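Here are a few short exercises to work through with the structure at hand. Try each task before reading its solution.

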Amino acid sequence: MFVHINDRQYEARTGEQLIDIARNNHSHIGYFCGGNGICQTCYVKVFEGMELLSPISDKEKAILSDELIQEGVRVACMTTLDKLGTVKLLTTVEEVKRTFETKPLDLIPYQAKMGWASLVKLPETIAMQAQRFSDGSLSTLQLINDIAGAIGGALELIFMAVQETFGGKSRSQAFTRQYIPEPRKSDKGKADATEDEKLSYSAFHESMKLQKHVPVN
Ligand code: FES
């Protein structure tokens with residue numbers, strides 16, 4: 001099935017979370033808490049295929065105002081692809097970026113709306129998060145680890161974008177570790193990938209290269 005994030009099409013499988021599809025494809029999306037449903041930076045607005053996604057959960061309802069829900073906003077780290085089809089969405093960070101580039105003054109009412117939406121849900125959100133901590137469904141250690149990972153990933157992308165802007169060659173160790181399978185090792189520990197495998201690794205590396213103007217996700 002296909003997911004269109006910020007007007008780019010990516011392949012995805014049922015069972016995947018929207019946040020993972022976005023991150024795996026370097027889409028412009030916020031994920032400060034590393035996908036733990038805390039930071040609220042991973043909002044997406046769904047334009048098509050809402051019926052293919054997991055039903056909105058009580059946790060999402062505790063975060064999103066009725067107005068945002070009616071507009072098709074979902075929390076990407078709490079939303080899963082449930083059925084085959086095509087889903088089209090825009091991340092809110094990309095929405096802000098586009099608004100800033102085209103109609104910067106519109107950001108004032110936009111931020112006021114989002115701020116108000118967060119404010120009216122604040123008591124419910126705090127209660128829901130406290131419940132998650134107390135029932136053990138949210139691990140403090142895992143949260144710290146995920147936040148550290150998110151910050152590290154963001155810093156690396158910024159570094160790479162700056163490097164590429166000034167004509168340097170970027171090296172993406174984090175992405176290669178994360179998304180590229182290691183070649184098989186022989187008993188003696190030497191890489192023994194076949195020529196086909198080597199070609200496929202190389203093609204994969206090419207496909208994962210960041211473009212010059214890729215947004216920092
Ligand atoms: S990544 Fe933080 S709320 Fe989704």
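**Exercise 1. Judge how a helix sits in the model.**
Find how many of the 28 residues of α5 are buried, and say whether this helix lies in the open.

*Solution.* This is a predicted model, so a local feature is considered where pLDDT is at least 70. A residue is called buried if 20 or more other C-beta atoms lie within 10 Å of its own. Of the 28 residues of α5, one is buried, so the helix lies largely in the open. Next, follow its course: α5 covers residues 107-134 and has a kink of about 60° at L122, shortly before the proline P123. Finally, look at what comes after the helix: α5 is followed by G136, whose phi is positive, near 85°.

**Exercise 2. Lay out the elements.**
List the order of helices and strands in the protein chain, starting at the N terminus.

*Solution.* Begin with the counts: the protein chain has eight helices and five strands. Then read along from the N terminus, which gives β-β-α-β-α-α-β-β-α-α-α-α-α. For the chain as a whole, buried residues account for 22% of the 217 residues. To see how sequence separation enters, take the contacts between residues at least 6 apart in sequence: 69% of them join residues at least 24 apart.

**Exercise 3. Pair the strands.**
Work out in which sense, parallel or antiparallel, β3 pairs with β5, and do likewise for β3 and β4.

*Solution.* Start with β4: three bridges join this strand to β3, and the two run antiparallel. One place to check is V44, whose bridge partner in β4 is R74. Now turn to β5, which pairs with β3 over four bridges, in the antiparallel sense. Here V46 stands opposite L89 of β5.

**Exercise 4. Find what helix α4 packs against.**
Identify the buried residues of α4 and the strands they pack against.

*Solution.* Helix α4 spans residues 92-102, and its buried residues are T92, V93 and E94. The buried residues of α4 pack against β3 and β5.

**Exercise 5. Map the largest nonpolar core.**
Name the residues that touch the most other members of this core, and the element that gives the most to it.

*Solution.* The core has 28 residues, and those touching the most other members are I19, A22, I29, C42, V44, V75 and A76. Two or more residues each come from β1 (2-5), α1 (18-24), β3 (43-48), β4 (73-75) and β5 (86-91). The element that gives the most is α1, with four residues.

Definitions and conventions
Residues are numbered from 1 along each chain as its sequence is written. This is a predicted model: local features need pLDDT of at least 70, side-chain atom pairs count only at pLDDT 80 or more; totals for chains, interfaces and linings use all residues. A nonpolar core is a set of buried Ala, Val, Leu, Ile, Met, Phe, Trp, Tyr and Cys residues joined through C-beta atoms within 7 Å. A residue is buried if 20 or more other C-beta atoms lie within 10 Å of its own, exposed if 12 or fewer, and partly exposed in between; C-beta atoms are placed from the backbone. Two residues are in contact if their C-beta atoms, placed from the backbone, lie within 7 Å. The bend at a residue is the angle between axes fitted to the seven residues ending there and the seven starting there. Two strands pair if DSSP finds at least two bridges between them.
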